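User: I'd like a close look at one part of this model, the sheet and whatever sits around it. Take your time and walk me through it.

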Amino acid sequence: MKSRWKALGVLDPDAEYLVLASSIPPKSISSTWSMFRGSRTVRQQLLTTDGVLGFSMLAEPLRKKYATLSVWRDEEALDVFAGTSPHAELMAELAPSMDEPKFTRWTISGGDGPPTWTDAISRLQ
């Protein structure tokens with residue numbers, strides 16, 4: 001299931017923004033539940049993070065498939081989020097039970113609107 005795009009700010013049509021897509025596959029069904037619970041905590045963190053302009057999450061626990069899609073003001077804002085708890089602690093805790101994650105970054109113009117999952121998935125492959 002894909003969550004609807006959660007806009008946290010208005011994209012300036014004349015500005016460029018950083019987009020991050022990630023695929024975080026759990027190794028087993030049992031570890032997928034830890035990922036599922038943790039995603040709620042990270043979602044709450046995103047809602048209060050400076051520099052994130054919007055995000056969506058994809059969760060298919062029975063298929064062991066999790067992905068994120070987010071738009072950031074800049075690289076610095078993304079780096080601060082990634083290194084801050086609870087995200088940083090959750091990633092360290094889950095790392096042993098996860099297969100190799102994939103990340104891709106690109107830029108968009110604010111005039112283009114939010115990125116699509118179709119684009120994100122094709123870039124992750």
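Which residue in strand 4 does Ser56 stand opposite?

Analyst: Keep in mind that this is a predicted model. Ser56 stands opposite Leu69 in strand 4. That pair belongs to the ladder between strand 3 (residues 52-60) and strand 4 (residues 65-72), where eight bridges hold two antiparallel strands together.

Now zoom out a bit. The sheet is open, has five strands in the order 1-3-4-2-5, and its pairing is antiparallel. Its edges are strand 1 (6-7) and strand 5 (102-109), each of which pairs on one side only. Helix 4 (residues 117-124) packs on the sheet, where it touches strand 2 (16-23), strand 3, strand 4 and strand 5. The direction of helix 4 makes about 135° with that of strand 5.

Strand 2 deserves a stop of its own. Towards strand 5 it runs antiparallel and is joined by eight bridges; here Tyr17 has Ile108 as its bridge partner. Strand 2 is also antiparallel to strand 4, with six bridges between them, and on that side Ser23 is partnered with Ala67. Six of the eight residues of strand 2 are buried, so the strand is largely enclosed by the rest of the structure.

On to the charged side chains. The whole structure has five salt bridges. One of them pairs Glu60 with Arg63, with 2.7 Å between the closest N and O atoms. Glu60 is the last residue in the 52-60 range of strand 3. Its partner Arg63 is exposed, because its relative accessible area is 60% and the cut-off for exposed is over 50%.

Another salt bridge ties Glu75 to Arg105, and here the closest N and O atoms are 1.8 Å apart. This one links distant parts of the chain: Glu75 sits in helix 2 (residues 75-82) and Arg105 in strand 5, 30 residues apart. Both ends are partly exposed, Glu75 at 35% relative accessibility and Arg105 at 41%. Elsewhere, salt bridges with shared partners join Asp50, Arg73 and Asp74 into one network. Within it, the side chains of Asp74 and Arg73 meet at 3.6 Å, N to O. Asp74 counts as partly exposed at 27% relative accessibility, and Arg73 does too, at 39%.

So, back to where you started: Ser56 faces Leu69, in a strand pair joined by eight bridges, and helix 4 touches both of those strands as it packs on the sheet.

How values were computed:
Residues are numbered from 1 along each chain as its sequence is written. This is a predicted model: local features need pLDDT of at least 70, side-chain atom pairs count only at pLDDT 80 or more; totals for chains, interfaces and linings use all residues. Side-chain values use heavy atoms; hydrogens and water are left out. Two strands pair if DSSP finds at least two bridges between them. Helices (H or I, at least four residues) and strands (E, at least two) are DSSP runs, numbered from the N terminus. Contact means heavy atoms within 4.5 Å. Axes are lines fitted to C-alpha atoms, for helices over the stretch in contact, and angles run from 0 to 180 degrees between N-to-C directions. Buried means under 20% relative accessible area, exposed over 50%, partly exposed in between (1.4 Å probe, protein chains only). A salt bridge is a side-chain nitrogen of Lys or Arg within 4 Å of a carboxyl oxygen of Asp or Glu.
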